[in-house]
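This report covers the cysteines and the internal cavities of one model. The sequence and structure follow.

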Amino acid sequence: MSKPTKEMINSRPDDAVLLADEAKYCSFGDTVHYVEPPKIFDGCEGSYMYDKEGKAFLDLQMWYSACNFGYANERLNNVLKKQIDTLPQCASQYLHPTKIELAKTIAQGMEQRFGYQGRVHFNVGGSQCIEDSLKVVRNATGGKSLMFAFQGGYHGRTLGASSITSSYRYRRRYGHFGDRAMFVPFPYPFRRPKGMTAEEYGEHLVAEFARLFETEYHGVWDPKVGQAEYAAFYAEPLQATGGYIVPPRNYFKGLKKVLDQYGILLVVDEIQMGFYRTGKLWSIEHFDVKPDVVVFAKALTNGLNPLGGLWAREELINPEVFPVGSTHSTFASNPLGTAVGLEVLKMTSETDYEKMVMDSGAYFLEGLKTLEKKHKEIGEVDGLGLALRAEICTDDGFTANKALVDKMVDIGMSGDLDWKGNKMGLVLDIGGYYKNVITFAPSLHITRQEIDQGIELLDQLITRAKKEL
C-alpha cells in the first residue's frame, strides 16, 4: 500500500510551509499550477493518488500517460529494486545486458509489425528523443532542416522540439526559429466542415496537402530536379495535447502515399500514445501505414525512470550513415531504465493487452456517452482504446467552454466529491485547441468498478460546476 503513513505525515513540513518554500526557491519554468493553492501529493497506488491525510484522488490522466500500468506497479517496482542491487549505474559508452535485450525486443517487434529492419537509439526523455530523431532525419536527407508537422501537434519544449510544435507560445521568448516547421491542419472530425463525412474530410485534407507539390510556386517542391525542400513529416497518430483527437481511419494512409511519392520521411511520435494506450503497442498500427522513424518514451518505464528512444529503418541509422558520436547523453540507455523497459515489454507480451484495453475503453466510452446524453454541455465524446476525450461546450453543444472545464478541475482537485459517504478527489487533464477538452488516460489496469466511480464523479463535477459558474 502506498498511502502515506502516520510517520510520513508527522515527519514532513505542513503544506503551507512547503508552498511558501516552493514559491521562493523553485523555478516555475517547468511548473503549471492547475489550481490555487497547488495540490501536494504524498502517495500513489494503482489508479489513485493520496494527499497528506490519505484522501484518495482517482487519477484519470496518469501523469500524461507515463504510468500506463498503474502507480506503484509491484512487478515493475520490484525489477527496479533488483536492478539497484545488481547494476544501478553504467556509463553509456559501456554495455550492459538490458540495453541490448531491450533494443533487440523493440527492433524485432518493429520488423514483425512493419516489415522493416531497423535499430533502436536511447535517450532520457521524449523531447530529447525528438532531438535525436531530428539529427537522424537531417543526416539521412543530406542536411535538410525543414519539416512538416501538424497544427495542434506537440513534440516537446527543447529548441528543436519547439520548432516542430505548433504553439507559438513555446517559442515566443526565444528568438527567431529559422527552421520552424510548416504546420498543416490535422483532421479534427468534431469541427469538420458541414456536409462532409469524417472520411471525406480526411480525403479533403490529404488532397490539400498534395496540392503543395503541384507547382514550384507553392514553395516546397522543385519539379526540375524532383526534390522536396522538406525532410520529414512529424505526426502524432492521435493528437495528445491537442485534445486526444482521433483522425479518420483513411487519413494517414492517404498522407503516407503523398509522402512516399515525394521522398519525405514519416516520423511518428508515440511518446504519449505508445505502449497500448490506444489498444495497440503503437497507435500508428490502427491506420495501416509503415513509419520510417518511431519516437517513444513515457510509459516505456511506467514513469519510474527517465528513458525514451527512437527506432529508425536500417538505412537511416546504420553505423555507416549514423556513426559513433552522432549524439550522446550521459544517462542514455541507463540500466535502471532499460531493465524496467524490458520488463514492461515482457509483461505486455504475457497478457492480451489489446483486448483488455479495447474492452475497457469501450466500457468507459459507453459511460461517457451516458453523460453526453445527460449534459448538453458535452459536445462530443470519442476515443480509441483508453485514450478518450470529452469536449466541453456551452449549452449549444459546440462552442468551446473553457470556464466550465476550469471549474471542473478546481472542484476535482478540492477533494470534496462524495463517494458512498466518503470525500475524495478526481485528477483530470485538460487539452485541446481551445483548452476545453478533458483528455482521459487512465491506468490500463483500471477496473470496471473504478470506471463506474469515475463516471459518477464526473457527473457530480459537471453538475456542480454548472451551478457554481
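## Cysteines

Cys67 counts as buried in this predicted model, because its relative accessibility is 3% and the cut-off for buried is under 20%. Cys67 takes part in no disulfide. The nearest cysteine sulfur to that of Cys67 belongs to Cys44, 7.2 Å away, whereas a disulfide requires two cysteine sulfur atoms within 2.5 Å.

Cys90 is likewise in no disulfide; the nearest cysteine sulfur, that of Cys129, lies 18 Å away. The structure as a whole holds zero disulfides.

## Largest cavity

There are two cavities of 30 Å³ or more. The largest encloses about 70 Å³ of space. Five elements each give two or more residues to its lining: helix H12 (353–374), strand E13 (378–384), strand E14 (387–392), strand E18 (437–440) and helix H14 (448–468).

The lining of the largest cavity consists of Leu368, Leu371, Ile378, Val381, Ala390, Ile392, Met408, Ile438, Phe440, Leu458 and Ile462. By class, these are eleven nonpolar residues, with no polar and no charged ones.

## Second largest cavity

The second largest cavity has a volume of about 40 Å³. Tyr188, Pro189, Phe190, Ile245, Val246, Glu380, Asp382 and Arg389 line this cavity. Five of the lining residues are nonpolar and three are charged, with no polar residue present.

Two domains contribute to the lining of the second largest cavity: domain 1 (6–61 + 353–468) and domain 2 (78–350) each supply at least three residues.

Conventions: Residues are numbered from 1 along each chain as its sequence is written. This is a predicted model: local features need pLDDT of at least 70, side-chain atom pairs count only at pLDDT 80 or more; totals for chains, interfaces and linings use all residues. Side-chain values use heavy atoms; hydrogens and water are left out. On a 1 Å grid over the protein atoms alone, a cavity is a set of points where a 1.4 Å probe fits but cannot get out, and a pocket is an open set with protein on both sides within 12 Å along at least five of seven lines; lining residues have an atom within 4 Å of a point. Grid points are joined across faces, edges and corners, and a volume is the space filled by probe spheres set on the points. Helices (H or I, at least four residues) and strands (E, at least two) are DSSP runs, numbered from the N terminus. Ala, Val, Leu, Ile, Met, Phe, Trp, Tyr, Cys and Pro count as nonpolar, Asp, Glu, Lys and Arg as charged, and the others, Gly among them, as polar. Domain bounds come from an automatic or database domain assignment. Buried means under 20% relative accessible area, exposed over 50%, partly exposed in between (1.4 Å probe, protein chains only).
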